[in-house]
Amino acid sequence: MTHLWIRAEERANERRVGLTPSGAKQLLAAGVQVTVEDSPDRIIPTEAYRDAGIDIAPSGSWRSAPSDAIIFGLKELPEDTGPLSHRHILFGHAFKGQPSGRHLLDRFKEGGGTLLDLEYLTDASGRRVAAFGFWAGYVGAGLSVAAWAAQQTGHAMPGISDWPKKDAMIDHLAQALETSGPNRPSALIIGALGRTGSGAKALLETLGITPTGWDMAETAHGGPFPEILRHDIFLNCILATPGVPVFVPESAKTAPRALTVIGDIACDPDSDFSPIKVYDRTTTWDAPVLRVAENLPLDVMAIDNLPSLLPLESSEDYADQLLPSLLDLTDDTSGVWARAEATFRKAL
């Protein structure tokens, strides 16, 4: 019997989960054993899983879970576990040349475990079967607007916390724009036709901002892209992969520009393939933007868990997308999970 073990997230400010109580019930009905760790921070309370008939385990007990259990979480594994022996489902960020990714792969190699990276769960056409992209774009665009609004009042963007629902976030942003004055920023989205770009566009239009939308056709010539510098806000919604051109070079810091906010929603600054060259580290909830140029300011928003700021909507949406693949986990020898394992084996 397949045993799926949902671990409690141990990263600060991470309240999302990849399986809802209703999804867990469907897995049980399909013959999958499901264990959910207790978590006071998870947006869906432990009691909801218990009421659904799911076994509950103490937080962090995945470390001593049965060897055949498949451990499912979203964000990174804590360092205190050393070598990793289980099969793990998570966002590993391990296959694009990131130093931290190489370290994670070494931990799996030493422990004999397997990484099934959520970013690399794809169907036969290569499209991801589940993604948080829409909500990353939605929240990332919102924070970029908030950063621009703060600039208009001469202040740095303050720290943030999550919102219980998207309407609360919209109210917050509308108030920030009202305080900033009558003008509204211009914005350019690269990756506008994808999930992430669609989320960014939806947020901007809700606030009355009509963005310029670019996708592969507009970037096929490989750059340079002076149009980016002529917009107030630039939103990068394209993952860092081999062949992606540089959208914002280091020289943008001192070049003539209207650009004052970069929302690097794809957010992979330590990748060899990052298309944003003006910064080198992610930002945080406590400090959402990194100022990389003064005089005319240039702020970069690069939070790497943006959907966590809307944990309920993003969890429910993602869990619904992923559930069909989880139901295939037991018998998959050539599909989604087999492809993910092959990607892992190739990277070792």
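This section describes the overall fold of the protein chain, its aromatic pairs and a few residues with notable backbone geometry.

The model is predicted, and the secondary structure of its protein chain consists of ten helices and twelve strands. For a chain of 348 residues, a compact globule would be expected to have a radius of gyration near 20 Å, and the value of 21 Å computed for the protein chain agrees with this expectation. Along the principal axes, the C-alpha atoms occupy a box of roughly 60 × 40 × 35 Å. Of the 348 residues, 54% count as buried, and among contacts between residues at least 6 apart in sequence, 71% join residues that are at least 24 apart.

The surface exposed by the protein chain amounts to about 14,700 Å², of which carbon and sulfur atoms supply 52%. The chain carries 30 positive and 45 negative side chains, and the centres of these two sets lie 3 Å apart.

Eleven aromatic pairs are found in the structure. One of them is formed by Phe234 and Phe247, whose rings are arranged edge-to-face, with 6.2 Å from centre to centre and 75 degrees between the planes. Because Phe234 belongs to strand β9 (residues 233-236) whereas Phe247 lies in the loop between β9 and β10 (261-264), this pair ties together parts that are 13 residues apart in sequence. Both Phe234 and Phe247 are buried, and together with Trp214 and Phe225 these two residues form one aromatic cluster.

The backbone shows several further local features. A cis peptide bond, with omega at about 5 degrees, joins Gly223 and Pro224, and Pro224 is placed in the loop between α7 (216-219) and α8 (226-229).

A positive phi is found at Cys267, where the angle is about 55 degrees although the residue is not a glycine; Cys267 is located in the loop between β10 and β11 (289-293). Asn295, likewise not a glycine, has a positive phi of about 60 degrees and is situated in the loop between β11 and β12 (298-301). With regard to solvent accessibility, Cys267 has a relative accessibility of 9% and therefore counts as buried, since this value falls under the 20% cut-off, whereas Asn295, at 83%, lies over the 50% cut-off and therefore counts as exposed.

Conventions
Residues numbered from 1 in each chain as written. Predicted model: local features only at pLDDT ≥ 70, side-chain atom pairs only at ≥ 80, totals over all residues. Heavy atoms only, no water. Helix = DSSP H or I, 4+ residues; strand = E, 2+ residues; numbered from the N terminus. Rg over C-alpha atoms; globule rule 2.2 N^0.38 Å. Buried < 20%, exposed > 50% of the residue type's maximum accessible area, 1.4 Å probe, protein only. Contact = heavy atoms within 4.5 Å. Areas by Shrake-Rupley, 256 points an atom, 1.4 Å probe, with all protein chains shown as cover. Lys, Arg positive; Asp, Glu negative; His and termini not counted. Charge placed at Lys NZ, Arg CZ, Asp CG, Glu CD. Phe/Tyr/Trp six-rings, centres within 6.5 Å; stacked < 30°, edge-to-face > 60°.
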